[in-house]
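Colleague: I'm new to this one, so could you take me through a single part of it in some detail? I'd like to hear about the empty space inside.

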Amino acid sequence: MSNAEQLTIYVTEGDRAQGKLLYRALMEAARQSSIAGMTVARAAVGYGQRHRYISVDWMPELAMQMIVVLTVVDRPEAIARYIPHIQNLVQDGLAFTERVTVVHHTPVVNDQPDFSLHLADPLPDLEDTMTDYERLTIYVGESDQWRDKPVHLALVEEARRQGLIGATVLRGMTGYGKHNQERIKFLGIIELSSDLPMVVSLIDRTEKIEQFLPLVQEMVVGGIVVRDPVRVVHHAPVNQSN
């Protein structure tokens, strides 16, 4: 699929919809919408607009407040049909799309469901989606420090201090960077697991990202920072009156 989109949805693990966990309801809606597949990942560190304090995965009492990231890659028509389900189910969260190029795709040829598109169906009107948003993706090592603190945690704290919508950190299972080219790190090997790759993601309006970027450049010494535009298709901020 050279003409494809990636849809990313951020929700809280404990949120519920239709009598079940929200992320499970979103998965079921994706299957019903003939989305070819979905990946669900749990953040290692993060905060959102409702839980403004930072949740970390080593504190079991905060488990149901952790950020869950759902990712879909499919044709724009298929994702457009799925978006109304997101808007109906997600009362507190964020969803955005971006154009991607699929360079390899092996379709299923057995008895699995047919995910072909019905192009005669009308597409939902998405003219009111927000396009002045950007994503900042920061790749660092788990042991990288800034002012005697892990840099991935410091980035999340500074993002919250500056009022960015939210931040999530995903911990890699394995990887390497320019400071440890001689060794590939593995999760579960005690002597190597303290410097696994950490991926920090921040989403906000372009002007907020612009204001935050100089601090990021100061903090990130041994990593890489990627900035790209996204199209927000659903943003359900917290009702401050609650």
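Modeller: Sure, let's start with what lines that space. Keep in mind that this is a predicted model. The lining of the largest cavity is a mix: 11 of its residues are nonpolar, 12 are polar and two are charged. As for how much room there is, the structure holds one cavity of 30 Å³ or more, and the volume of the largest cavity comes to about 290 Å³. In total, 25 residues line it, and if you want to find its centre, look for Tyr10, Tyr47, Gly48, Gln49 and Ile67, which are the closest to that point. Rolling a probe the size of a water molecule over the atoms is what shows where empty space is left.

Now zoom out a little to the elements around it. Those that give two or more residues to the lining of the largest cavity are strands S1 (4-12), S5 (45-47), S8 (93-100), S10 (166-171), S13 (197-205) and S14 (224-236).

While you have the model open, here's a side stop at a loop. Between strand S9 (130-141) and helix H3 (151-161) you'll come across Arg147, and Asp148 belongs to the loop between S9 and H3 as well. Arg147 isn't a glycine, yet its phi is positive, near 55 degrees. Asp148, also not a glycine, has a positive phi near 65 degrees. Arg147 has 64% relative accessibility, so it counts as exposed, the cut-off being over 50%. Asp148 counts as exposed too, because its relative accessibility is 78%.

Terms used: Residues are numbered from 1 along each chain as its sequence is written. This is a predicted model: local features need pLDDT of at least 70, side-chain atom pairs count only at pLDDT 80 or more; totals for chains, interfaces and linings use all residues. Side-chain values use heavy atoms; hydrogens and water are left out. On a 1 Å grid over the protein atoms alone, a cavity is a set of points where a 1.4 Å probe fits but cannot get out, and a pocket is an open set with protein on both sides within 12 Å along at least five of seven lines; lining residues have an atom within 4 Å of a point. Grid points are joined across faces, edges and corners, and a volume is the space filled by probe spheres set on the points. Helices (H or I, at least four residues) and strands (E, at least two) are DSSP runs, numbered from the N terminus. Ala, Val, Leu, Ile, Met, Phe, Trp, Tyr, Cys and Pro count as nonpolar, Asp, Glu, Lys and Arg as charged, and the others, Gly among them, as polar. Buried means under 20% relative accessible area, exposed over 50%, partly exposed in between (1.4 Å probe, protein chains only).
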